[in-house]
Amino acid sequence: MQIPVPVLTYSFTLRVDLAAPIEMGAGRAGQRRIIPIVGGAALGPDIVGKVLNLGADWQTVFADGAAHLDTRYALETEDGAVIEVVNVGARHGSPEVIARLAAGEDVDPASYYMRTAARLETGDERYGWVNHTLFAGAGIRRASSVEIAFYKVE
């Protein structure tokens with residue numbers, strides 16, 4: 001028997017709107033910040049709806065500028081289902097690129113790494129498939145939002 005090779009199938013993109021970061025200061029592993037999630041959109045084909053005004057990204061930024069992303073938020077589909085999103089990941093790049101991102105500039109996403117792994121959960125039977133699916137994501141950081149394309153790991 002052979003171990004199956006995972007296949008990625010595009011599922012949806014999230015545009016997540018962010019409020020200004022709340023700086024916590026130095027933690028055990030690095031600089032800590034909380035970035036509130038205040039809205040956005042889910043753009044199908046599998047999920048279409050809005051990102052709710054709740055949740056946050058609890059980041060740790062290491063001495064080399066790399067960030068550990070740790071988010072929890074929710075979205076509501078256009079047909080009324082509520083889906084929780086728990087998304088963890090990493091963002092890193094050259095010091096120059098990270099400085100430009102921190103300044104709010106749009107930076108070519110090919111010049112930095114922003115990848116995530118997500119777990120979704122809902123009690124709505126119409127979307128029950130998300131409870132048993134892992135998602136891999138690739139993202140773009142913008143001045144006051146992020147965009148993440150999610151792929152089902154099949």
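Which backbone nitrogen does the side chain of Asp57 reach? To find out in this predicted model, select Asp57, which lies in strand β4, and follow its side chain to the backbone nitrogen of Asp70, at 3.1 Å. Keep Asp57 selected and display its surroundings: leaving aside neighbours within four places in sequence, the residues in contact with Asp57 are Arg33, Ile34, Ile35, Ile37, Leu69, Asp70 and Thr71. Asp57 is a buried residue without a salt bridge, and the nearest side chain of opposite charge, that of Arg91, is 5.7 Å away.

**The paired strands β1, β9 and β8**

Select next strand β1, residues 8–18, together with strand β9, residues 145–153; the two pair in the antiparallel sense over nine bridges. Within this pairing, Leu14 can be picked out standing opposite Ile148 in β9. Now add strand β8, residues 134–141, which pairs with β9, again in the antiparallel sense, over eight bridges. Here the residue to highlight is Arg141, which stands opposite Val146 in β9, and the connection to trace is the hairpin of three residues that joins β8 to β9.

While β1 is still on display, centre the view on Ser11, a residue of that strand. Is Ser11 buried or exposed? Its relative accessibility is 0%, and therefore Ser11 counts as buried. Not counting residues up to four places away in sequence, Ser11 touches Gly44, Pro45, Asp46, Ile47, Trp129, Phe135, Phe150, Tyr151 and Lys152.

**The nonpolar core**

From Ser11, move to the largest nonpolar core, which has 31 residues, and select Leu14, Val16, Ile47, Tyr73, Leu120 and Phe150, the members that touch the most other members. Colouring by element shows where this core comes from: at least two of its residues are supplied by each of β1, β3 (31–43), β4 (49–61), β5, β6 (82–93), α1 (95–102), β7 (112–121) and β9. As background, nonpolar side chains in soluble globular proteins tend to be buried together.

Leu120 makes a convenient stop within the core. Setting aside neighbours within four places in sequence, Leu120 is in contact with Phe12, Ile47, Ile83, Glu84, Val85, Val130, Asn131 and Phe135.

**Salt bridges**

The tour turns next to charged side chains, which can pair when opposite charges come close. How many salt bridges does the structure hold? There are eleven, and three of the pairs are visited here, beginning with Arg126 and Asp79, whose closest N and O atoms are 3.4 Å apart. This pair links distant parts of the chain, with Arg126 in the loop between β7 and β8 and Asp79 in the loop between β5 and β6, 47 residues apart. Arg126 is partly exposed, with a relative accessible area of 45%, and Asp79 likewise counts as partly exposed, at 36% relative accessibility.

Select then Glu121 and Arg119, which form a salt bridge with their closest N and O atoms 3.0 Å apart. Glu121 has a relative accessible area of 42% and is partly exposed, while Arg119, with a relative accessible area of 33%, is partly exposed too.

The next pair to display is Arg142 with Glu147, a salt bridge in which the closest N and O atoms are 2.9 Å apart. Arg142 is partly exposed at a relative accessible area of 27%, and Glu147 counts as partly exposed at 25% relative accessibility. To see salt bridges that share partners, select Arg72, Glu84, Arg119 and Glu121, which are joined in this way into one network.

**Glu76 and Ala110**

Two single residues complete the tour. Glu76 is found in strand β5, residues 67–77, and counts as partly exposed because its relative accessibility is 27%. Beyond its neighbours within four places in sequence, Glu76 is in contact with Val48, Gly49, Lys50, Leu52, Ala81 and Val82. A distance drawn from C-alpha to C-alpha between Glu76 and Asp124 spans 11 Å, and the two are 48 residues apart in sequence.

Finally, go to Ala110, whose place is in the loop between α1 and β7. At 71% relative accessibility, Ala110 counts as exposed. Draw the C-alpha to C-alpha distance between Ala110 and Glu84, a residue 26 positions apart from Ala110 in sequence, and the separation in space is 29 Å.

Methods. Residues are numbered from 1 along each chain as its sequence is written. This is a predicted model: local features need pLDDT of at least 70, side-chain atom pairs count only at pLDDT 80 or more; totals for chains, interfaces and linings use all residues. Side-chain values use heavy atoms; hydrogens and water are left out. Helices (H or I, at least four residues) and strands (E, at least two) are DSSP runs, numbered from the N terminus. Buried means under 20% relative accessible area, exposed over 50%, partly exposed in between (1.4 Å probe, protein chains only). Contact means heavy atoms within 4.5 Å. Two strands pair if DSSP finds at least two bridges between them. A nonpolar core is a set of buried Ala, Val, Leu, Ile, Met, Phe, Trp, Tyr and Cys residues joined through side-chain atoms within 4.5 Å. Lys and Arg count as positive and Asp and Glu as negative; His and the chain ends are not counted. A salt bridge is a side-chain nitrogen of Lys or Arg within 4 Å of a carboxyl oxygen of Asp or Glu. A polar contact is a pair of N or O atoms within 3.5 Å; within protein, one must be able to donate a hydrogen and the other to accept it, and residues adjacent in sequence count only if both atoms are side-chain atoms.
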